Amino acid sequence: MFTWWAAVLASVVVAFPLMYQSAKAAFRSVDVNFEKAARTLGASEVRIFFTITVPLAWPGILAGLVLTFARALGEFGATLMVAGNIPGQTQTVPLAIYFAVESGDNTTAGVLVAVITVFSFAVIFWVNRWAKRRGNNSE
Amino acid sequence: MLEFQITKTLWYFDLELHVRIGNQILVLWGPSGSGKTTVLHCLAGLLKPSAGFIELNDRVLFSSDRKINVPARLRNTGYLFQDYALFSHMTVRHNVMYGLLKRKNRPGTDADVVELLKLFGVEHLADRYPGQLSGGEKQRVALARALAVQPELLLLDEPLNALDKNTRVSLRQEIKKIHRRWRIPFVLVTHNEEDAGFLGDEIVYLNRGRLFSPPSPATL
């Protein structure tokens, strides 16, 4: 409690269902015939998982990661409860914004909002570019 | 030599079949839903028959009496899937190479792959992805991949189904040619009478899981 690990744990707990759903859908979307074909070609189940299933499910897994990341980035309630708001230790950006506004420091809050917005856009931009490059390859 | 006698309980009927062939092409001919693909899955080890046995060149692949069920990856059978099931995230070269990498004693080399692709006239496609191939090209690549592992038995599920008439006729001849070259039993599934007549050394007619005596070749 009230360490940065607690903040991590809080984020993981609230974001996990998103990852679970996306990953499940991604794994389900892999054509079972690919796995069957690999089996007849002599591949072990472990090899099939890493060379067929995961690569083909990867776009979906990645989408889940982005969702999870976004959810964790904005996590507020659970973090405040279990990790508190100790500057330099457990203070996350959303908490810092909240308390900055509370204490009337709108400049700090504005800067933080700008930082987190730019950062989010950068991540999404990079992921999209990566996904597009990959898509072009396999077509 | 391939001999199998299998029963398999399916949703709507029981599959019952006893066949024995040499290094010939056995055609399972019958309407959709007659259990043809199930037979191939049982032979490949992707499905477990309810009872019976499967023997390939004196090797027991499955026996319900002796509780033997060799897993698919050790059966050494080539399987050509209806939709080809080419790995969409790998190039043609890596698709064909996939089955060769497991062999520790004689790892497959690039030269083997190229030679095999040449045999099927698709060596110029080695660095393409399956999504960039036509139906006939996919078919040839899938055949090359299935045969790369030097199988003792080749299973073909509706290999000519999705192709236009010209490609169909040329591939039919190609399958015959490959069969003569490889000299292993082929089991081919089709619902097309003409293909069955052209390709089959042995033709069995399958309906609702039962075997019917084949119509004489002359009527086909």
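Which residue stands opposite B:L2 in β4(B)? The partner is B:L56. The model is predicted, and this report covers both of its chains in turn.

**The antiparallel sheet of chain B**

The pair B:L2 and B:L56 belongs to a longer match between strands. Strand β1 (residues 2-9) of chain B and strand β4 (residues 51-56) of chain B run antiparallel and are joined by six bridges. They sit in an open sheet of five strands, ordered β2-β1-β4-β5-β6 in chain B, with antiparallel pairing. The edge positions go to β2 (14-21) and β6 (68-69) of chain B. Each has a single partner strand, so one side of each lacks a neighbour in the sheet. Strands of a sheet pair through backbone hydrogen bonds, in a parallel or an antiparallel sense.

A helix covers part of this arrangement. Helix α1 (residues 36-44) of chain B lies across β1, β2 and β4 of chain B. Its direction is at about 120° to β1(B).

**Strand β3 and its parallel partners**

Is β3(B) mostly covered or mostly open? Strand β3 (residues 25-29) of chain B is mostly covered, with five of its five residues buried. Both faces are covered. One side carries B:I25, B:V27 and B:W29, the other B:L26 and B:L28.

Two strands run parallel to β3(B). Strand β9 (residues 186-190) of chain B is joined to β3(B) by five bridges. There B:W29 stands opposite B:T190. Strand β10 (residues 202-207) of chain B is joined to β3(B) by four bridges. In that pairing B:L28 stands opposite B:V204.

**Helix α5 and positive phi values**

Helix α5 (residues 165-182) of chain B has 18 residues. From first C-alpha to last, α5(B) reaches 26 Å, close to the 26 Å expected at 1.5 Å a residue. B:R183 follows α5(B) and has a positive phi.

The table lists residues of chain B with positive phi.

| Residue | Phi | Place |
|---|---|---|
| B:A85 | near 50° | loop between β7 and α2 (92-98) of chain B |
| B:Q150 | about 55° | loop between α4 (135-148) and β8 (153-157) of chain B |
| B:R183 | near 55° | follows α5(B) |

Neither B:A85 nor B:Q150 is a glycine. Why does B:A85 count as buried? Because 24 other C-beta atoms lie within 10 Å, and the cut-off for buried is 20 or more. B:Q150 has 13 other C-beta atoms within 10 Å, so B:Q150 is partly exposed.

**Chain A**

Chain A has six helices and zero strands. Along the sequence the pattern reads α-α-α-α-α-α. The radius of gyration of chain A is 20 Å, well over the 14 Å from the globule rule for 139 residues, so chain A is more spread out than a compact globule. Along the principal axes, the C-alpha atoms fill a box of roughly 65 × 35 × 20 Å. Of the 139 residues, 19% count as buried. Among contacts in chain A with a separation of 6 or more, 67% join residues 24 or more positions apart.

**Where the chains meet**

How many residues does each chain bring to the contact? Chain B gives 20 residues and chain A gives 16 residues. On the side of chain B that touches chain A, strand β7 (residues 77-80) of chain B gives the most, with three residues. That side of chain B divides into 10 nonpolar, seven polar and three charged residues.

Technical notes:
Residues are numbered from 1 along each chain as its sequence is written. Chains are lettered from A and ligands numbered from 1 in the order in which they are written. This is a predicted model: local features need pLDDT of at least 70, side-chain atom pairs count only at pLDDT 80 or more; totals for chains, interfaces and linings use all residues. Two residues are in contact if their C-beta atoms, placed from the backbone, lie within 7 Å. Ala, Val, Leu, Ile, Met, Phe, Trp, Tyr, Cys and Pro count as nonpolar, Asp, Glu, Lys and Arg as charged, and the others, Gly among them, as polar. The expected span of a helix is 1.5 Å times one less than its number of residues. A residue is buried if 20 or more other C-beta atoms lie within 10 Å of its own, exposed if 12 or fewer, and partly exposed in between; C-beta atoms are placed from the backbone. Two strands pair if DSSP finds at least two bridges between them. Axes are lines fitted to C-alpha atoms, for helices over the stretch in contact, and angles run from 0 to 180 degrees between N-to-C directions. The radius of gyration is taken over C-alpha atoms; the globule rule is 2.2 Å times the number of residues to the power 0.38.
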